[in-house]
Amino acid sequence: MIRIIDYKAGNAPSVMHAVKHLGFEAKFARQAKDFGDATHIILPGVGSAKATMDSLMSMNLPTKLEKMVLKRKIPFLGICVGMQILFEYSQEDDVPCLGWLKGRVLKYDTNNVRVPQMGWNQVCFTKPTPIETQQDDHYYFVNSYYAKPEDTADIWATSEYGGEFCAAINQENIYGTQFHVEKSGEAGLSLLKGFLSLERDK
Amino acid sequence: MLTKRLIACFDIVAGRVTKAVQFQDNIDVAPAEELATAMYTAQVDELIFYDITASAQKRKIDMETVKKVASKVFIPFAVGGGIRNIEDMYEVLKAGAEKISVDSMAVRDPDIISQGAKAFGSQCIVLSTQVKRGAATPSGYEVYIDGARTATGLDAIQWIKKGEELGAGEICINSIDQDGTLMGYDLPLMEMAQKAVNVPLIASGGAGKPEHLRDVFTKTQTQAAIISSMLYSPRMERNYSAQELKAYLLENNVPVRPFL
């Protein structure tokens, strides 16, 4: 079963709509015991890193997710803030995050660009993964902060906003997109379909 | 490169899209769900829904329409009209919209902006405002509310600055003077606005030709533009598809998400 993590500040219903539209069955997950049957886990994200971390902790999810994703290697997709909190630290509210990936989340330079970045930006996929993507498609972004992975091998895709930034990450079974796949039209749906079609340990 | 957005805006009455000129004389266009799906297929970049009678009738927004659209349309969409508090906002987000547009309510109770931004993040809160030229305020533009019927005495530029301070993540400025005239966006207004705030700006009111989009995107830093009449108004001599508008804009070196 595909499990979409539903927490108060997230946009889990939008992600559920997209998953169902693609013909997959999915359920929300709101507590640790909901993950028993998980074949794929999606962490949607809107709002702040702190609010997301607080929600995950109040639902007692970090330990459970580590077991499922880091040990059992269940395919995982973090979207927007759901990707950012996979890193060690976010400058937003100065908050420690999950630390599955090495690196930090930093704010765009407001002297240089309008913040938040809001709109469709071209994405360049720099690393081959089992998920097929079109090289220069546009995806929908809404973010004031961006991830800076310490290990460039974790960078799946880049984009430009006042300079190059990391638009998507991948490390083994862990995927993350700074853009909203659920709101990026057919390009986003196609990427999401690729993720949902992944098999474990691949 | 971040591209400029073309936004289709729907004024909704009882689940159907209507089109007005200068906030009056609404005529029926199509069921909201049907037109939203058509706009998605046409590769418009974003949708905004205003439940235009919700506020005046003191009722909640039409959530069934929001839910139906959210299950078929996979681009961002904002919902406004009849939003009174955080609970209303939460309901709209749970129905599958990602942004909430606040307008008259925010003038009456500006705290709703900061409360919404705190609860759901600034990116969720669009401050939408109706403004009209007039000498009475410092910038020469005054804020109107209640479907552009009531003057507030607020200066438009001061109001959007306050909105940004309170946490609005985006500001949509609708020129009452230009609305429905098909004579182009109010460029001096957008220029003033871009100097006043750092958040993305949406221009609304007046688009009638592709050149109007080119002008607002090349002569000002406006990041998104509302194009309702051009896309679907039966009052227009001709409508334009998002595809032809995008092709025109790309030819004129305006970055937009290309039609695929």
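The following exchange asks how the descriptive terms for this two-chain model are justified.

Reader: What kind of model is this, and how are its parts labelled?
Author: This is a predicted model, in which local features need pLDDT of at least 70, side-chain atom pairs count only at pLDDT 80 or more, and totals for chains, interfaces and linings use all residues. Residues are numbered from 1 along each chain as its sequence is written, while chains are lettered from A and ligands numbered from 1 in the order in which they are written.

Reader: How many helices and strands does each chain have, and what makes a run count as one or the other?
Author: Chain A has five helices and 14 strands; chain B has 10 helices and 12 strands. Both kinds are DSSP runs numbered from the N terminus: H or I over at least four residues for a helix, E over at least two for a strand.

Reader: How do you know whether the radius of gyration of chain B agrees with that of a compact globule?
Author: The rule for a globule is 2.2 Å times the number of residues to the power 0.38, with the radius taken over C-alpha atoms. For 260 residues this gives a value near 18 Å, and chain B has 17 Å, so the two agree. Its C-alpha atoms fill a box of roughly 45 × 40 × 40 Å along the principal axes. For chain A, with 202 residues, the rule gives a value near 17 Å; the chain has 15 Å, which agrees. The corresponding box for chain A is roughly 45 × 35 × 30 Å.

Reader: What share of each chain counts as buried, and what makes a residue buried?
Author: A residue is buried if 20 or more other C-beta atoms lie within 10 Å of its own, exposed if 12 or fewer, and partly exposed in between, with C-beta atoms placed from the backbone. By this criterion, 53% of the 260 residues of chain B count as buried, and 57% of the 202 residues of chain A.

Reader: Why is Glu172(A) assigned to its exposure class?
Author: Glu172(A) has 14 other C-beta atoms within 10 Å and is therefore partly exposed. This residue lies in the loop between strands S13 (164–171) and S14 (174–177) of chain A, and has a positive phi of about 50° although it is not a glycine.

Reader: Why is Ala148(B) given its exposure class?
Author: Ala148(B) counts as partly exposed because 18 C-beta neighbours lie inside 10 Å. Ala148(B) is in the loop between strands S8 (141–145) and S9 (150–155) of chain B, and its phi is positive, about 65°, although it is not a glycine.

Reader: What makes the peptide bond from Val115(A) to Pro116(A) cis or trans?
Author: Omega is near 0° for this bond, which is cis. Pro116(A) is placed in the loop between strands S7 (103–107) and S8 (117–122) of chain A.

Reader: Why are H8(B) and H10(B) described as oblique or as parallel?
Author: Angles under 35 degrees count as roughly parallel, over 145 as roughly antiparallel, 65 to 115 as roughly perpendicular and the rest as oblique. The angles run from 0 to 180 degrees between N-to-C directions, and the axes are lines fitted to C-alpha atoms, for helices over the stretch in contact. H8(B), residues 210–219, and H10(B), residues 242–251, pack at about 45°, with axes 10 Å apart. The pair is therefore oblique. Pro210(B), Leu213(B) and Arg214(B) meet Leu245(B), Tyr248(B) and Leu249(B).

Reader: Why are H1(B) and H2(B) classed as roughly parallel or oblique?
Author: Their axes come within 9 Å and cross at roughly 30°. H1(B) and H2(B) are therefore roughly parallel to each other. Ala32(B), Glu33(B) and Ala36(B) in H1(B) meet Thr65(B), Lys68(B) and Val69(B) in H2(B).

Reader: Which residues of H2(B) are buried, and what covers them?
Author: In H2(B), residues 63–70, the buried residues are Thr65(B), Val66(B), Lys68(B), Val69(B) and Ala70(B). Their cover includes helix H1 (12–21) of chain A, together with strand S1 (5–13), helix H1 (32–41), strand S5 (77–80) and helix H3 (86–94) of chain B.

Reader: How many residues of the two chains are in contact, and what makes a contact?
Author: Two residues are in contact if their C-beta atoms, placed from the backbone, lie within 7 Å. On that basis, 29 residues of chain B are in contact with 29 residues of chain A.
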